[in-house]
Amino acid sequence: MLKILLVKLREALWSVLPVTAIVMLLSFTPLIDFTAREKVIFLICSVLLVVGIALFNLGADMAMTPMGVHVGSGLSKSGRIWLLLSVCAALGLLITVAEPDLSVLAKQVSAVIDPMRLILFVGVGVGLFLLLAVLKIVAKVSLSRMLLFFYMILFAFAALMAVNGNQALLSLSFDSGGVTTGPITVPFIMALGTGIANALGGKDAGENSFGLVALCSVGPIVAVMMLGAFANGTLLYTPNVADYAISAQPFSHFFHTVWEVMGEVGIALGLIVAFFMVLQVTCLRLPSRKLSRMAFGILYTFLGLVIFLAAVTMGFMPIGYKLGAQLASARPAVLVLFGFLLGLVVVLAEPAVQVLNKQVEEITSGTVSKRAMMVALSIGVGISIGLSMLRIIFDFSILYYLIPGYVISLGLSFFVPKLYTAIAFDSGGVASGPLTSGFILPLAVGACTVIQPHAILSDAFGIVAMVAMTPLITIQIMGFRAIVARKVRDNIMMKNILDADDEQIIDFM
């Protein structure tokens with residue numbers, strides 16, 4: 001166990017190091033003015049981030065993934081489809097309501113929408129669309145067609161919001177889709193899809209293992225758009241500067257933050273464990289050896305997420321806000337450049353990304369490697385954050401990005417293998433994790449307070465949605481490139497066969 005943990009720590013170190021290095025190098029330039037306390041706390045939180053990611057990934061391997069696979073396969077093999085659908089809908093609702101990322105987002109926009117109402121609407125959206133995602137596997141419906149249908153409805157809602165003057169809530173609506181697929185929901189939902197697809201069999205079991213996260217990201221967007229029609233309060237969003245400041249009493253603040261995060265993570269994990277234990281008693285009946293291993297895995301997952309989220313809240317959120325404000329004050333072109341560079345590396349430190357890449361490599365038998373996935377995700381996220389900084393500078397609607405982006409990504413889905421499409425749309429939800437909402441979103445808010453102080457809700461928010469969109473294009477381009485490369489190899493092989501000298505062929509007859 002210690003050897004595996006050391007491997008996870010090394011992987012986490014290489015994931016967090018690039019982000020930390022860029023921020024620290026910036027702090028020694030005339031562009032950024034961090035205090036000594038801010039630098040020390042940021043470095044300490046970077047170390048905690050490494051520990052948190054390592055423990056989370058270890059726990060995901062030992063507990064979250066096996067639990068999801070056993071629940072999916074056990075319910076599918078029972079033959080009671082109604083039970084499978086009911087459990088999945090309930091899980092989607094309850095886990096989402098307890099997702100820490102969603103609570104953070106809801107608190108930040110409480111002046112616009114009641115936080116509890118926002119959380120409940122989003123939870124219902126995830127529950128309904130998780131049910132539809134499971135129906136897709138059962139009925140063997142094409143993911144591309146389902147996504148095309150639902151995104152047409154989604155953009156119809158978006159057009160109505162724009163016409164009715166709810167432009168400011170569009171960015172928040174699209175952000176909600178990325179935030180809800182957080183570190184607790186992603187490993188379990190992905191594994192649930194794998195278990196269901198493997199149990200139901202079929203030649204497309206590998207493809208059907210993906211797509212649940214993609215569909216679960218659509219539900220919250222539609223739900224928040226519907227909620228936007230009943231929003232109360234002013235749409236002039238003003239960030240609470242105290243939420244983005246390094247505490248003058250870091251030790252007491254650390255313990256207070258850890259206590260809050262422990263409650264949020266404990267509720268979310270507790271719901272999953274409770275559902276699993278009910279199914280264990282009624283239909284799974286796994287041996288005690290597997291259960292004890294899962295118990296340790298749950299503990300590692302809990303500790304890892306608490307440490308990770310506390311580090312993001314204490315160190316990365318304040319530094320991100322100040323970094324954005326000072327880069328925006330220096331020169332807008334610098335903001336775009338460093339936004340792109342931070343995007344290239346920040347996705348490396350998202351905890352659920354490692355889980356996704358490992359599952360992709362295992363299910364595709366190495367055809368899609370972890371390295372190729374990471375390169376495609378890094379390029380996509382880097383482009384998305386760079387483009388988001390441009391939107392802050394020039395103050396235009398996020399629909400100018402999202403409509404062409406989704407048209408391209410949905411169009412590519414008809415030309416690349418279905419497996420790449422399913423992986424790509426899942427990757428979008430996974431890439432927009434807690435570090436995006438806890439570091440990149442404050443970066444955008446900080447920049448917006450300087451450049452567009454009266455349009456923070458419409459211009460700063462939406463960056464999570466951009467992070468969720470661009471990997472859809474880059475990963476499918478990777479799939480398209482694989483098709484072209486294979487055809488070129490086949491053509492070269494056929495040409496060599498046709499050009500071969502007949503006299504060199506040995507006749508054994």
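**Cavity, rings and a helix in a predicted model**

Me: In this predicted model, how many charged residues are in the lining of the largest cavity?
Reply: By class, the lining holds 10 nonpolar and five polar residues. The count of charged residues there is zero: no charged residues.

Me: What is the volume of the largest cavity, and which residues are the closest to its centre?
Reply: The largest cavity has a volume of about 130 Å³. It is lined by 15 residues. The closest to its centre are Tyr 151, Ser 217, Ile 221, Tyr 406 and Ala 468.

Me: Which helices each supply at least two residues of that lining?
Reply: Helices count here if they give at least two lining residues each. They are α7 (168–180), α10 (212–228), α16 (399–412), α17 (418–431) and α20 (463–498).

Me: How many residues apart in sequence are the parts that Phe 42 and Phe 316 tie together?
Reply: The two rings form a tilted aromatic pair, 4.8 Å centre to centre with 50° between the planes. Phe 42 lies in helix α2 (residues 36–77) and Phe 316 in helix α12, so the pair joins parts whose separation in sequence is 274 residues.

Me: Is Tyr 401 buried or exposed?
Reply: Buried means under 20% relative accessible area. Tyr 401 has 15% relative accessibility, so Tyr 401 counts as buried.

Me: How far apart are the end C-alpha atoms of helix α13?
Reply: Helix α13 has 15 residues (332–346), and at 1.5 Å a residue it should span 21 Å. The distance in the model agrees with this: 21 Å.

Conventions
Residues numbered from 1 in each chain as written. Predicted model: local features only at pLDDT ≥ 70, side-chain atom pairs only at ≥ 80, totals over all residues. Heavy atoms only, no water. Helix = DSSP H or I, 4+ residues; strand = E, 2+ residues; numbered from the N terminus. Expected span 1.5 Å × (residues − 1). 1 Å grid on protein atoms, 1.4 Å probe; cavity = no way out; pocket = protein on both sides within 12 Å on 5 of 7 lines; lining within 4 Å. Points joined across faces, edges and corners; volume = space filled by probe spheres on them. Nonpolar A, V, L, I, M, F, W, Y, C, P; charged D, E, K, R; others polar. Phe/Tyr/Trp six-rings, centres within 6.5 Å; stacked < 30°, edge-to-face > 60°. Buried < 20%, exposed > 50% of the residue type's maximum accessible area, 1.4 Å probe, protein only.
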